[in-house]
Amino acid sequence: LSAPVPPCTHGAHVPLRDKRALLSVLLEQYGPNCLLRMGETIKAALDEPILIAMRLARNPHDLIERWQRLERYAHSRHRTLCLRSKPGQIALRHISRKDDEPPLPAENLLIAGILAGFIELIGASGLSVRIGGEAGISGKGSQWSGNYRIANNADWEFSWENDFDHSAKKLLNVP
């Protein structure tokens, strides 16, 4: 892949606008598969603290609860809300804490890929992901296909085949 590298004017810190611009360029030039697969690669960073914390999740519901706590702890501009939760399935929406700054489509895809990677990492078998509903993108085993120009790619549905512990926790819906 060749994409513009954001200028690094603040040491290791890359300004948010530059990160968002890079993600948007990647989406435009390489499509959503690039961002989804890039997000999924988080599971290969075995010594990263975030991965260590997520890897300890008992099931995907616990993992999403951990992710929601991390979003609040890191003072993230975005939040992941639970729309539905039941054994073997969870539906989420990626939102902004500020109405006038919604997550970019590229950010939605990257985070959906990260969560898919985490869910696979903790042992979910037969993971299936749907982004943007029936007319959107679906993926199974890192193979993504579907309508890449969906209007709302901030809605995600994850489902898996194995039964972790028969519980679907009530997840936080706190922006």
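In E6, Ile131 finds its bridge partner in Trp156, and that pair makes a handy way into this predicted model. The bridge belongs to a wider match-up: strand E3 (residues 128-131) and E6 run antiparallel to each other over four bridges. E6 also pairs with strand E2, again in the antiparallel sense, and here the two strands, residues 89-96 and residues 155-159, share five bridges. Two of the facing positions can be picked out by name: Arg93 stands opposite Asp155 in E6, and Gln89 stands opposite Ser159.

Stepping back, these strands turn out to be part of an open sheet of six strands, laid out in the order E1-E2-E6-E3-E4-E5 with antiparallel pairing. Strand E1 (78-86) and strand E5 (143-146) sit at the edges; each has a single partner strand, so one side of each goes without a neighbour in the sheet. On average, neighbouring strands of the sheet are turned by 20° against each other, direction ignored. As a bit of background, strands of a sheet pair through backbone hydrogen bonds, in either a parallel or an antiparallel way.

The chain as a whole holds five helices and six strands. Read from the N terminus on, its elements follow the pattern α-α-α-α-β-β-α-β-β-β-β. Of the 175 residues in the chain, 43% are buried. Among contacts with a separation of 6 or more, 61% link residues 24 or more positions apart. The chain exposes about 9,200 Å², and carbon and sulfur atoms supply 55% of that area.

Next come the helices that lie across the sheet. H2 (32-40) lies across E3, strand E4 (137-140) and E5, and runs at about 150° to E5. Helix H4, made of residues 60-73, lies across E1 and E2 instead, running at about 160° to E1.

Helix H1 covers residues 16-30, and its length works out neatly: at 1.5 Å a residue, its 15 residues should span 21 Å, and the end C-alpha atoms are indeed 21 Å apart, so the two values agree. Its buried residues are Asp18, Arg20, Leu23, Leu26 and Leu27. The cover over the buried residues of H1 includes H2 and H5. Just after H1 comes Gly31, with a positive phi near 85°.

Helix H5 tells a similar story. This helix takes in residues 105-121, 17 residues in total, and reaches 24 Å from its first C-alpha to its last, close to the 24 Å expected at 1.5 Å a residue. H5 is mostly covered, with 15 of its 17 residues buried. A glycine follows this helix too: Gly123, whose phi is positive, near 110°.

What about the cysteines? The structure holds zero disulfides. Cys34 has 13% relative accessibility, under the 20% cut-off, so it counts as buried. Cys82, at 9% relative accessibility, therefore counts as buried as well.

Two further residues are worth a visit. Gln89, the residue facing Ser159 in E6, lies in strand E2. Is Gln89 buried or exposed? At 19% relative accessibility, Gln89 falls under the 20% limit and so counts as buried. Leaving aside neighbours within four places in sequence, Gln89 is in contact with His61, Arg84, Glu157, Phe158, Ser159 and Trp160.

Ser125 is found in the loop between H5 and E3. With a relative accessible area of 32%, which lies between the 20% and 50% limits, Ser125 is classed as partly exposed. Which residues does Ser125 touch, not counting those up to four places away in sequence? They are Trp160, Glu161 and Asn162. Ser125 and Asn162 are 37 residues apart in sequence, yet their C-alpha atoms are 5.8 Å apart in space. Trp160 turns up in both contact lists, touching Gln89 as well as Ser125.

Technical notes. Residues are numbered from 1 along each chain as its sequence is written. This is a predicted model: local features need pLDDT of at least 70, side-chain atom pairs count only at pLDDT 80 or more; totals for chains, interfaces and linings use all residues. Side-chain values use heavy atoms; hydrogens and water are left out. The expected span of a helix is 1.5 Å times one less than its number of residues. Buried means under 20% relative accessible area, exposed over 50%, partly exposed in between (1.4 Å probe, protein chains only). A disulfide is a pair of cysteine sulfur atoms within 2.5 Å. Two strands pair if DSSP finds at least two bridges between them. Contact means heavy atoms within 4.5 Å. Accessible areas come from the Shrake-Rupley method with a 1.4 Å probe; for residues, only the protein chains shown count as cover. Axes are lines fitted to C-alpha atoms, for helices over the stretch in contact, and angles run from 0 to 180 degrees between N-to-C directions.
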